[in-house]
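Me: I would like a close look at a single part of this model, taken in its surroundings. Please keep the account plain.

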Amino acid sequence: MANETDLLNDALGQIGASRINAIDDGSINANYCQTFYPTLRDGMLRAHHWNFNEGRVSLALDVEVPPFEYAFQYSLPADYLKVRRYYGGMPTVLDLSWLGWLDWNSLNSYIRDNYQIVENKKLLSNDSIALIVYSRRVENPDLWDPIFYQGIACALASKLASAITKDDRKSDALLKKAEALYFPLAMAVDGQENPVTPFIVDNLTWGR
């Protein structure tokens, strides 16, 4: 079972640097890991709708309300990284009766205009109930997709190569490997785990 220290030592090993005991052990290499790793991890967790970091939550309504434009304010989860889907006052996906009066363009407009994320990690909405599917910060590498794990280790090694060994050529090669091999492969495999979503078109399109 891989943990955070295993991942960091994987990256350090790829550039021939000394191992660490933990990200906060005070060594020079650990300090570099502490500088580069958390933002790299969170950035890549935000970059794609990974299956392993999907979360669902009913948001807690704040006592404080927005001064204008929206009626309600909600606190986002502590591990929140990005909203994937929003459900509020609109009908649920299981209630198909609303499809007769709402086309897809109207639905997209409804969702887009009915909430907003603001800088202090609050969600503003006109819905008295707000549920979201979101990307979570998953800090335990053992819960990640194994190919995503390799991509993070390789991308981190690229940063560490410049900082520790001062080897820019090695850094460039590792970055290209992460970008061209590991992350595209991880996205492709991750996408194969979900059921195929049918592409819905109107009758006019079928008539052509």
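Which residues does Ala178 touch, not counting residues up to four places away in sequence?

Reply: The model is a predicted one. In it, Ala178 touches Gly151, Cys154, Ala155, Phe183 and Pro184, leaving out residues up to four places away in sequence. Cys154 is 24 residues from Ala178 along the chain, and the two C-alpha atoms are separated by 5.6 Å. Ala178 belongs to helix α5 and counts as buried because its relative accessibility is 0%, where the limit for buried is under 20%.

Ala178 is also the centre of a kink of about 35° in α5. The helix has 24 residues, and the distance from its first C-alpha to its last is 33 Å, close to the 34 Å expected at 1.5 Å a residue. Besides Ala178, the buried residues of α5 are Ser171, Leu174, Tyr182, Phe183, Ala186 and Asp190. The elements covering these buried residues include α1, α2 and α4.

At the N-terminal end of α5, Asp167 acts as a cap, with a side-chain oxygen 3.3 Å from the backbone nitrogen of Arg169. Lys166 sits in the loop between α4 and α5. Its phi is near 55°, a positive value in a residue other than glycine. Most residues other than glycine have a negative phi. Lys166 counts as exposed, at 59% relative accessibility.

The setting of the helix can be followed into the core. The largest nonpolar core has 37 residues, of which Tyr37, Trp144, Phe148, Ile152, Leu156 and Leu160 touch the most other members. Two or more residues of this core come from each of α1 (4-14), α2 (28-47), α4 (146-165) and α5 (168-191). The most come from α4, which gives 12 residues. Ile152 touches Leu7, Tyr37, Leu40, Arg41, Met44, Trp144 and Phe183, not counting residues up to four places away in sequence. Phe183 thus appears among the contacts of Ile152 and also among those of Ala178. A second, separate core has 11 residues, including Leu76, Leu123, Ala130 and Tyr134.

Arg41, a contact of Ile152, leads on to the charged pairs. Arg41 forms a salt bridge with Asp42, with the closest N and O atoms 2.9 Å apart. Asp42 also meets Arg137 in a salt bridge, at 3.0 Å from N to O. Asp42 lies in helix α2 and Arg137 in the loop between β7 (131-136) and α4, so this pair ties together parts that are 95 residues apart in sequence. Arg41, Asp42 and Arg137 are linked in a network of salt bridges. Arg41 counts as buried at 6% relative accessibility, and Asp42 is buried with a relative accessible area of 15%.

The structure holds five salt bridges. Another of these joins the side chains of Asp62 and Lys122, at 2.9 Å from N to O. This pair links distant parts of the chain, 60 residues apart: Asp62 is in the loop between β2 and β3, and Lys122 is in strand β6 (residues 122-125). Asp62 counts as buried at 16% relative accessibility, as does Lys122 at 18%.

Notes:
Residues are numbered from 1 along each chain as its sequence is written. This is a predicted model: local features need pLDDT of at least 70, side-chain atom pairs count only at pLDDT 80 or more; totals for chains, interfaces and linings use all residues. Side-chain values use heavy atoms; hydrogens and water are left out. A nonpolar core is a set of buried Ala, Val, Leu, Ile, Met, Phe, Trp, Tyr and Cys residues joined through side-chain atoms within 4.5 Å. Buried means under 20% relative accessible area, exposed over 50%, partly exposed in between (1.4 Å probe, protein chains only). Helices (H or I, at least four residues) and strands (E, at least two) are DSSP runs, numbered from the N terminus. Contact means heavy atoms within 4.5 Å. The expected span of a helix is 1.5 Å times one less than its number of residues. The bend at a residue is the angle between axes fitted to the seven residues ending there and the seven starting there. A polar contact is a pair of N or O atoms within 3.5 Å; within protein, one must be able to donate a hydrogen and the other to accept it, and residues adjacent in sequence count only if both atoms are side-chain atoms. A salt bridge is a side-chain nitrogen of Lys or Arg within 4 Å of a carboxyl oxygen of Asp or Glu.
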